[in-house]
Amino acid sequence: MLSKDFTQSVFILILSTVIVASFSLLVWVVPNVFMASDLKKISLAKPLTAIELAGRDIYISEGCHVCHTQMVRPLEAEILRNGRANKEADDIYEFPNLWGSKRTGPDLTNMGRKYSDQWHVIHLMDPRNVVPTSIMPSYPWLFEQTLDGEAISDKMRALRTLGVPYTDADIDGARLQVIGKTQGEALIRYLQSLGVDTMQDQGE
Ligand code: HEC
């Protein structure tokens, strides 16, 4: 069996796949398990507030991440265009991360405070209002429906089990922060938070 090369023997193919995959696991995953607490110490990332978290869920449910990345690679052209490059420690509270893989629209990693809230309202209602050639869809319904905040405390509790340091007070006050706000308002709070916590760290 071993006299055949791996294109002919299923056994050798499976064996070599397992060896290569185990090596990747060893190099990429195992060190991170031990580095997690160090990353927490050096990270400037702040957990999202209740309303920002509600906005993040809308970002996911509307599929914004399908057209927008949140991952600036450490390449000069990309930094000039999108701002500070991502660091490993930036995403310790992101579950799941929203790095994305396709850039139909611009990267949004450092979107926070780039535009006013009002600009975002006008843009989300119909992107053609501000960028006549935009191919981004309109999202007018986001400003019609309000949130009831039902599940937000449970979501924060779940995130706490994954290591996001929400206090009991954060969780108890979460629903009040969210209830009655429109989906669009929550989404804009999320967009305005992007990159703000890590902004002061401009080092390589
Ligand atoms: C079909 C792809 C597509 C989807 C889906 C999409 N966008 Fe966009 N987005 C774009 C394109 C293209 C642009 C650039 C033109 C413009 O500004 O409208 C853009 C621009 C933006 C900008 C301005 C970026 C800048 O630096 O000027 C923001 C903010 C934004 N989108 C947020 C969102 C949000 C939030 C959602 C989900 C509700 C979303 N987008 C969904 C394609 C998309």
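## A walk from the annotated span to the last helix

Start by selecting residues 50–195, which the unreviewed UniProt entry annotates as "domain: Cytochrome c"; positions follow the numbering used here, feature names are shortened, and such annotations may be inferred rather than shown by experiment. What you have open is a predicted model, where local features need pLDDT of at least 70, side-chain atom pairs count only at pLDDT 80 or more, and totals for chains, interfaces and linings use all residues. Residues are numbered from 1 along each chain as its sequence is written.

Keep that selection on. Its end C-alpha atoms are 17 Å apart, and the span is 43% helix and 0% strand (helices are DSSP runs of H or I, at least four residues; strands are runs of E, at least two; both are numbered from the N terminus).

Now colour by domain. The assignment, which is automatic or from a database, splits the protein chain into domain 1 (1–42) and domain 2 (48–193). Draw a line between their centres, taken over C-alpha atoms, and you get 34 Å.

Next, the ligand. Show its shell: 21 residues surround the ligand, the closest being Cys64, Cys67, Gly105, Ser134 and Met136 (near means a C-beta atom, placed from the backbone, within 6 Å). Which helix gives the largest share of this shell? Pick α3, with three residues. Both α3 (64–67) and α9 (183–193) supply at least two. By type, the shell has 15 nonpolar residues, five polar and one charged (nonpolar: Ala, Val, Leu, Ile, Met, Phe, Trp, Tyr, Cys and Pro; charged: Asp, Glu, Lys and Arg; polar: the others, Gly among them).

Stay on α9. Ten of its eleven residues are buried, so the helix is largely enclosed by the rest of the structure (buried means 20 or more other C-beta atoms within 10 Å of a residue's own, exposed 12 or fewer, partly exposed in between, with C-beta atoms placed from the backbone). Among the buried ones are Leu187, Ile188 and Tyr190. Switch on α2 (50–61), α5 and α8 (174–178) to see what they pack against (contact: C-beta atoms, placed from the backbone, within 7 Å). Just past α9, glycine 195 has a positive phi of about 80°.

Last stop: the loop between α4 (76–82) and α5 (117–125), home of proline 96. Phenylalanine 95 and proline 96 are joined by a cis peptide bond, omega about -10°. Arginine 113 is in this loop too; though not a glycine, arginine 113 has a positive phi of about 65°. With 13 C-beta neighbours inside 10 Å, arginine 113 counts as partly exposed.

Technical notes:
Two residues are in contact if their C-beta atoms, placed from the backbone, lie within 7 Å.
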